[in-house]
Amino acid sequence: MLDGRQAEIDKEVEKIKVKIEEVKKVKERVDSMQEEKERILEKVAGLTRDDAKEVLFKEGDDVKKNQVLFRIDPQPNEVALRQAEANLARARAQVEQARAAMARDRIQADNAKTELARNADLLPQDMVSQEEYDAVRSTAEALEAAVLADDASIKSALESVRAAQTAVEQAQI
C-alpha cells in the first residue's frame, strides 16, 4: 500500500514540476514582452514612457490595432524639425556657394592656361622672361588645384545635404 501511495505522490510531484516549468516559461514570455514593449516605446521617435504627455491605456488593457496609446508633447519634435530644416537650407546654400566658387575658379584657370600657352610661344623669342613664364605657370597650376578643391567641396556639401535631409525625415516621424 505504501508503494502505491508513493507512486501517486511521485506522479503529483512530476505534475507540479511540469507546472513549475510552464509557469517559468510563461514568466519568461511576459518578461520578454515587457522588454519588447520598452524597446518599441524607445523606437517610437526615441521616446521613453516619461516622454508621453498622456498615456491612454493601463497596464494589462487589451489594445486594438491602430489604437492611440500615447499623446506626445509635439514641441520638442517641432523644434528638432525646424533645426533640421535650417541645417538642410544651410547645406544647400553651401552647395551653391561651392558651385559658384568652382565656376569662378574654372574661368580663372582657363584664362591662366590661355596666358600660359601664349607665354610658352613668346618665351623662345625672349618676349617674356623665364621668371614671368614660371609665375604664369604657377598661377595656372594653383588655379587647377583650386578647381579640384572646389570639386571636393561640392561633394562634401552634397553629403551634408543628404545627411541634413535624413535628419529632416527623421524629425518628421
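Helix 2 and helix 3 are roughly antiparallel to each other, a term applied to angles over 145 degrees, with under 35 counted as roughly parallel, 65 to 115 as roughly perpendicular and the rest as oblique. The model is predicted, so local features need pLDDT of at least 70 and side-chain atom pairs count only at pLDDT 80 or more, while totals for chains, interfaces and linings use all residues. Residues are numbered from 1 along each chain as its sequence is written, and side-chain values use heavy atoms, with hydrogens and water left out.

The axes of helix 2 and helix 3 cross at roughly 165° and come within 7 Å. Axes here are lines fitted to C-alpha atoms, for helices over the stretch in contact, and angles run from 0 to 180 degrees between N-to-C directions. The crossing is left-handed, that is, the near helix is turned anticlockwise from the far one by less than a right angle. The residues of this contact divide into 27 nonpolar, eight polar and eleven charged; Ala, Val, Leu, Ile, Met, Phe, Trp, Tyr, Cys and Pro count as nonpolar, Asp, Glu, Lys and Arg as charged, and the others, Gly among them, as polar.

Helix 2 (75–122) has 48 residues and reaches 70 Å from its first C-alpha to its last, close to the 70 Å expected at 1.5 Å a residue. The expected span is 1.5 Å times one less than the number of residues. Helices are DSSP runs of H or I with at least four residues, strands runs of E with at least two, both numbered from the N terminus. Helix 3 (residues 130–171) has 42 residues and reaches 61 Å between the same end points, close to an expected 62 Å.

Buried residues (under 20% relative accessible area, with exposed over 50% and partly exposed in between, 1.4 Å probe, protein chains only) of helix 2 include Leu 81, Ala 84, Leu 88, Ala 91 and Val 95, as well as Asp 105 and Asn 119. These buried residues pack against helix 3, contact being heavy atoms within 4.5 Å. Those of helix 3 pack against helix 2 and include Tyr 133, Val 136, Ala 140, Leu 143, Val 147 and Asp 150. An α-helix has 3.6 residues a turn, so residues three or four places apart point the same way.

Two loop residues have positive phi. Asp 126, in the loop between helix 2 and helix 3, has a phi of about 60° although it is not a glycine; Asp 126 is exposed, at 69% relative accessible area. Asn 66 lies in the loop between strand 1 (52–55) and strand 2 (70–72), and its phi is near 70°. At 72% relative accessibility, Asn 66 counts as exposed.
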